[in-house]
Amino acid sequence: MANQNKEDTPITMDVFTAGIWKENPVFVMMLGLCPVLAVTNSVENSLAMGLASIFVLVCSNALVSALRNFIPKQVRITTYIIIIATFVTLVDYIIQAISLDLYNKLGAFIQLIVVNCLILGRAEAFASKNSFGKSVISALGMGLGFTLALVMLGGVRELLGAGQLLGYQVFSLNFQPWIVMILPPGGFIVLGSWLLLINYFEQRKTGKLVAEDSASHCTVSQPRS
Amino acid sequence: MDNAPENEPNKVPPLPSSISLISTLGVVAMLSGFLVVLVYEYTKPIIAENQRLATERAIFKVLPKASSRLTFVIKDGQIKLADDKTKGELIYAGYDAKNNFVGLALNAAEQGYQDIVKLLYGYQPDTGCITGYDVLKSTETPGFGTKIATDEQFLANFNCLDATVNQEQSGLINVIKTVRHGSKNNPWEIDAISGSTITSNAVGRMFNKSGQALHPTINKNLDLLKSAKQQRGDHGQSK
């Protein structure tokens with residue numbers, strides 16, 4: 001009955017935008033951090049991983065949602081994993097066909113999208129309980145949010161670690177690159193810094209809201225997530 | 001207590017039949033197989049073409065004077081004309097516009113810091129020199145191991161790295177080895193990159209291994225390699 005109610009709710013803009021910022025998979029839900037830390041040493045790699053994840057997320061959510069009434073509860077996780085693995089295999093072939101260089105750069109992380117908890121999590125928590133259209137829209141939002149986070153990390157790391165952005169030299173040649181930024185510790189440093197910055201502004205925003213609410217004798221304040 | 005009411009809220013719902021579970025998995029697996037085969041068949045020729053182009057690009061990079069090339073395979077100490085799909089140790093001979101032999105491109109691989117590093121290198125059998133390489137596959141640490149493709153001082157080692165075959169045609173006269181940065185004294189030594197010793201050592205080891213295994217066979221069959229293009233006329237892959 002609860003599921004039925006969820007399915008009945010209309011598709012709103014919130015379904016799409018929630019994943020981009022309010023429920024961002026990286027900055028809020030902290031999901032799929034393995035590729036976030038591993039492949040974000042350049043914007044190009046981040047974009048490619050983000051687009052591959054969007055493809056897998058949207059296609060697997062669409063199929064899970066379309067088949068949700070036919071999949072028995074007892075075999076649902078197995079079925080979701082087969083569906084996700086199928087789309088990951090497809091994206092693996094497609095990237096090889098588009099660019100071998102890119103495929104070599106991303107290494108094993110393309111195949112590892114199978115175990116990205118964001119994708120299985122969305123299949124189980126959302127697509128299996130919601131209508132086809134809603135699942136696709138939500139997956140698209142989540143995928144874009146994931147890509148945005150990857151690019152935000154990749155941009156900073158490439159800029160500071162190589163003095164470049166998308167392969168174009170930004171700083172002068174005298175700039176001494178911060179090699180640590182394109183090494184694994186750089187992933188943790190930049191992710192931590194972004195989280196610090198985002199939470200700082202969110203807390204300031206929440207604080208302002210609370211102050212305004214108090215001023216107008218209103219007691220309700222809405223946290224971001 | 002024995003006769004619990006049928007509409008008890010915590011009652012476990014009945015399990016679906018095994019047939020239902022198996023058929024669900026079967027249908028999903030079939031659908032999955034169909035999609036994978038469909039995309040595999042569509043992308044297979046494109047991927048093969050990409051791989052061919054990547055190899056071609058690398059060959060003409062390490063043999064800049066070549067305008068066409070032929071593929072050979074080394075098997076049981078013999079060199080035979082082959083194509084790119086042949087299994088085994090493939091070597092590529094480059095020829096100029098007049099079908100004169102200009103050198104060989106050979107594969108080499110060795111474990112680096114992160115994973116196997118694969119190179120294609122140019123070899124001049126007449127002078128016994130290794131004359132440069134192209135990195136085919138490397139996942140080495142950015143800013144350190146990746147310098148093997150960009151560090152000018154390191155690449156200068158391969159203007160003519162000595163890989164001459166001994167008189168007995170059993171191996172190289174001198175073992176190719178990587179030495180500490182700044183301590184290179186001989187033409188068969190490779191001056192390591194400071195800070196990426198493991199990858200530099202891997203390059204030295206792979207050239208030595210490849211040289212010891214392939215160069216003697218190449219020297220024994222040099223006439224075949226030099227004359228193959230002229231005997232075949234205009235056949236072979238061009239730039």
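# Briefing: chains A and B

In chain A, 75% of the contacts with a separation of 6 or more link residues 24 or more positions apart. Here, two residues are in contact if their C-beta atoms, placed from the backbone, lie within 7 Å. The model is predicted, so local features need pLDDT of at least 70 and side-chain atom pairs count only at pLDDT 80 or more, while totals for chains, interfaces and linings use all residues. Residues are numbered from 1 along each chain as its sequence is written, and chains are lettered from A and ligands numbered from 1 in the order in which they are written.

**Chain A at a glance**

- Chain A has nine helices and two strands, taken as DSSP runs (H or I of at least four residues for helices, E of at least two for strands) and numbered from the N terminus.
- Reading from the N terminus, the order in chain A is α-α-α-α-α-α-α-α-β-β-α, with the β-β pair sitting just ahead of the final helix.
- The C-alpha trace of chain A spans about 65 × 60 × 25 Å along its principal axes.
- Of its 225 residues, 39% count as buried (20 or more other C-beta atoms within 10 Å of a residue's own; 12 or fewer is exposed, and in between is partly exposed).

**The nonpolar cores**

- The largest nonpolar core (buried Ala, Val, Leu, Ile, Met, Phe, Trp, Tyr and Cys joined through C-beta atoms within 7 Å) holds 51 residues.
- The residues with the most contacts inside that core are A:A52, A:V56, A:I84, A:F87, A:V91, A:A149 and A:L153.
- Five helices of chain A give two or more residues each to this core: α4 (43-66), α5 (76-98), α7 (117-125), α8 (132-162) and α9 (184-215).
- Of these, α8(A) gives the largest share, with eleven residues.
- Another core, of 42 residues, lies apart from that one, and its members include B:I59, B:I79, B:F101 and B:L104.
- Back in chain A, A:V91 touches A:A52, A:F55, A:V56 and A:I110, leaving out residues up to four places away in sequence.

**How α4 and α5 of chain A pack**

- The axes of α4(A) and α5(A) are 9 Å apart, at an angle of about 145° (axes are lines fitted to C-alpha atoms, for helices over the stretch in contact, and angles run from 0 to 180 degrees between N-to-C directions).
- From α4(A), the contact draws on A:A52, A:F55, A:V56, A:C59, A:S60, A:L63 and A:V64.
- Facing them from α5(A) are A:Y80, A:I83, A:I84, A:F87, A:V88, A:V91 and A:I95.
- By class, that contact has 13 nonpolar, one polar and no charged residues (Ala, Val, Leu, Ile, Met, Phe, Trp, Tyr, Cys and Pro count as nonpolar, Asp, Glu, Lys and Arg as charged, and the others, Gly among them, as polar).

**Where the chains meet**

- At the interface, 24 residues of chain B are in contact with 23 residues of chain A.
- Helix α1 (18-62) gives the most to the chain B side, with 17 residues.
- That side of chain B is made up of 14 nonpolar, nine polar and one charged residues.
- Across the interface, α5(A) and α1(B) pack with their axes 8 Å apart, at an angle of about 10°.
- The two helices, α5(A) and α1(B), are therefore roughly parallel to each other (under 35 degrees; over 145 is roughly antiparallel, 65 to 115 roughly perpendicular and the rest oblique).
- The contact of α5(A) with α1(B) has 15 nonpolar, nine polar and no charged residues.

**Single residues to look at**

- A:R76 lies in helix α5 of chain A, and it is partly exposed because 17 other C-beta atoms are within 10 Å.
- Beyond its neighbours within four places in sequence, A:R76 is in contact with A:I71 and A:S128.
- A:R76 and A:V28 are 48 residues apart along the chain, and their C-alpha atoms are separated by 27 Å.
- A:M30 has a positive phi of about 55° although it is not a glycine, and you'll find it in the loop between α2 (13-22) and α3 (33-38) of chain A.
- With 14 other C-beta atoms within 10 Å, A:M30 is partly exposed.
- B:Q169 is not a glycine either, yet it has a positive phi of about 55°.
- The loop between β7 (161-162) and β8 (177-179) of chain B is where B:Q169 lies, and B:Q169 is exposed, with 11 other C-beta atoms within 10 Å.
- B:E41 belongs to helix α1 of chain B and is exposed, with 10 other C-beta atoms within 10 Å.
- From B:E41 to B:P125 it is 84 residues in sequence and 41 Å in space, C-alpha to C-alpha.
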